[in-house]
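Subject: Handing over the structure, with notes

Dear colleague,

I am passing this structure on to you, together with some notes for someone who has not looked at it before. Please have it open while you read.

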Amino acid sequence: MSEPAASAASPALAPPRVRCFSGIQPSGAPHIGNDLGAIRNYVALQDRFESIYCIVDFHALTTTHDAETLRRRTREMATALLALGLDPARCTLFVQSHRPEVAELMWLFLTVTPVSWLERTPTYKEKRENQPEDVNHGLLTYPALMAADIVLYKASVVPVGRDQAAHLELSREIVRAFNNRYGPTFPEPQAVYTQAPVVLGTDGVRKMSKSIGNTIEIFAPADEIRRQVMSMVTDTQRIKRTDPGRPEICNVCQLHRFFGDDYEEIWDGERTARTGCVDTKKLLVERILRHYGPARERYAELLASPVIVDRILEEGAARLRPIVDATMAEVREKMGLR
Ligand code: AMP
Ligand code: TRP
């Protein structure tokens, strides 16, 4: 198979039937980092590839241990993705545990994966620090499940944020190890990034993340979004209102790039101190609410019709069955399990 195009900008390069896959954890409210870094590419790639998107509830079990919470968040994440533009007529949306064969493939992959590869994964090291009271085995095997997610569907194009780069690299290594041992079976997955592969959080330092609590949520009440944006750290060297700002290092200015064409004028206002940080933040609140207005309406409507969402997810999992059966039959045969 030829390599997929590395950016969303050149549709002519897409070979037919190349599959695109991505997963998102139902571990909390979706934020603008998720959208700018990944979800907007899920939406864009629906028309270029045969696209499959998955709410990864098995993965979320490594951190979420309450059944009702997981069920609720899984449905909310599906609702959010639909509201943001995933269209069940143009892509397949499903819940990971509804195609449990992925757990079998993960086990098979673990038998070609050296423990040392898993132990050196940066996210595993982080989680071990962040939740020392709960270093469960799922945190270690997380990337093997991710590799299985992708190649169960023989997908090769994977839209993600940059924080997933190490996971994707490990997925490629696992796939390569499998292909070396059992013969060419799977394409090597390749990450695809947006123009905003790393969105910083309201602290202006760390990446925006649910677990850090520095997010700007997409579907929170308007007042909450206002509070989150107004709390943003800007250029820390701009002390007085009359000091010139530095848009290159101000996260509020950086975010304006994604919510209007006139960001250079906004930046100019900051540089010349015509505008202050508070003005720029207020404008950002307005722009975010306007940009996501239609999605927020769709989200509220769909959340009130869970039956529709559940049916889309069920149909998604059912549609994938023939692909999964074919892959698993091939893998079992190659490994001597049949
Ligand atoms: P998660 O919520 O960790 O499942 O992430 C879902 C998707 O959003 C993944 O593709 C992440 O790489 C992406 N993502 C999460 N946070 C950010 C961020 N701050 N900047 C860019 N992409 C992000
Ligand atoms: N690890 C990803 C995250 O935390 C979620 C994920 C699971 C994923 N399986 C995947 C992403 C397969 C891309 C492909 O965001």
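The notes below go from the whole chain to the two ligands and then to one helix and a few single residues.

Please keep in mind throughout that this is a predicted model.

**The chain as a whole**

The protein chain is built from 14 helices and five strands. For its 338 residues a compact globule would have a radius of gyration near 20 Å, and the chain, with 21 Å, agrees with that. The C-alpha trace spans about 75 × 45 × 45 Å along its principal axes. Of the 338 residues, 53% are buried, while the accessible surface of the chain amounts to about 15700 Å², with 53% of it belonging to carbon and sulfur atoms. If one takes the contacts between residues at least 6 apart in sequence, 76% of them join residues that are at least 24 apart.

**Ligand 1**

Ligand 1 is surrounded by 18 residues, and the closest of these are Gly161, Asp163, Val199, Met208 and Lys210. Val199 also takes part in a polar contact, since a nitrogen atom of ligand 1 is 2.8 Å from a polar backbone atom of this residue. Oxygen atoms of the ligand appear in two further pairs: one is 3.0 Å from a polar backbone atom of Gln25, and in the other the distance is 3.2 Å to an N or O atom in the side chain of Asn34. How much of ligand 1 does the protein bury? Taken alone, the ligand exposes 490 Å², and the protein buries 92% of that.

**Ligand 2**

Around ligand 2 there are 13 residues, of which Gly23, Tyr142, Met146, Asp149 and Gln164 come nearest. Two of these names return in the polar contacts: a nitrogen atom of ligand 2 is 2.7 Å from an N or O atom in the side chain of Asp149, and a nitrogen atom of the ligand is 2.9 Å from an N or O atom in the side chain of Gln164. An oxygen atom of ligand 2 is 3.4 Å from an N or O atom in the side chain of Gln25, a residue whose backbone is in polar contact with ligand 1. On its own, ligand 2 has 360 Å² of accessible area, and the protein covers 90% of it.

**Helix 9**

Which residues of helix 9, which runs over residues 222-230, are buried? They are Ile225, Gln228 and Val229. Seen down the axis of the helix, these buried residues fall within an arc of 95°, so they line one face of helix 9. The general background is that an α-helix has 3.6 residues a turn, so residues three or four places apart point the same way. Among the elements that cover the buried residues of helix 9 are helix 12 (277-291) and helix 13 (293-303).

**Two residues in helices**

Arg172 has its place in helix 8, residues 165-182. Is Arg172 buried or exposed? Its relative accessible area is 18%, which is under the 20% that marks a buried residue, so Arg172 counts as buried. Leaving aside neighbours within four places in sequence, Arg172 is in contact with Glu188, Pro189 and Gln190.

Glu76 lies in helix 3, residues 67-83, and with a relative accessibility of 26% this residue counts as partly exposed. When residues up to four places away in sequence are not counted, Glu76 touches Tyr299 and Leu303. Glu76 and Ala29 are 47 residues apart in sequence, yet 8.0 Å apart in space from C-alpha to C-alpha.

**Two residues with a positive phi**

Most residues other than glycine have a negative phi, and against that background two loop residues deserve a look. Lys154, which is not a glycine, has a positive phi of about 50°; Lys154 lies in the loop between helix 7 (137-151) and strand 4 (157-159), where, at 23% relative accessibility, this lysine counts as partly exposed. Ala273 has a phi near 60°, again a positive value in a residue other than glycine. Ala273 lies in the loop between helix 11 (263-271) and helix 12, and this alanine is buried, with a relative accessible area of 17%.

With best wishes

Notes:
Residues numbered from 1 in each chain as written. Chains lettered and ligands numbered in written order. Predicted model: local features only at pLDDT ≥ 70, side-chain atom pairs only at ≥ 80, totals over all residues. Heavy atoms only, no water. Buried < 20%, exposed > 50% of the residue type's maximum accessible area, 1.4 Å probe, protein only. Helix = DSSP H or I, 4+ residues; strand = E, 2+ residues; numbered from the N terminus. Arc of directions from axis to C-beta. Contact = heavy atoms within 4.5 Å. Near = heavy atom within 4 Å. Polar contact = N/O pair within 3.5 Å; in protein donor to acceptor, adjacent residues only side chain to side chain. Areas by Shrake-Rupley, 256 points an atom, 1.4 Å probe, with all protein chains shown as cover. Rg over C-alpha atoms; globule rule 2.2 N^0.38 Å.
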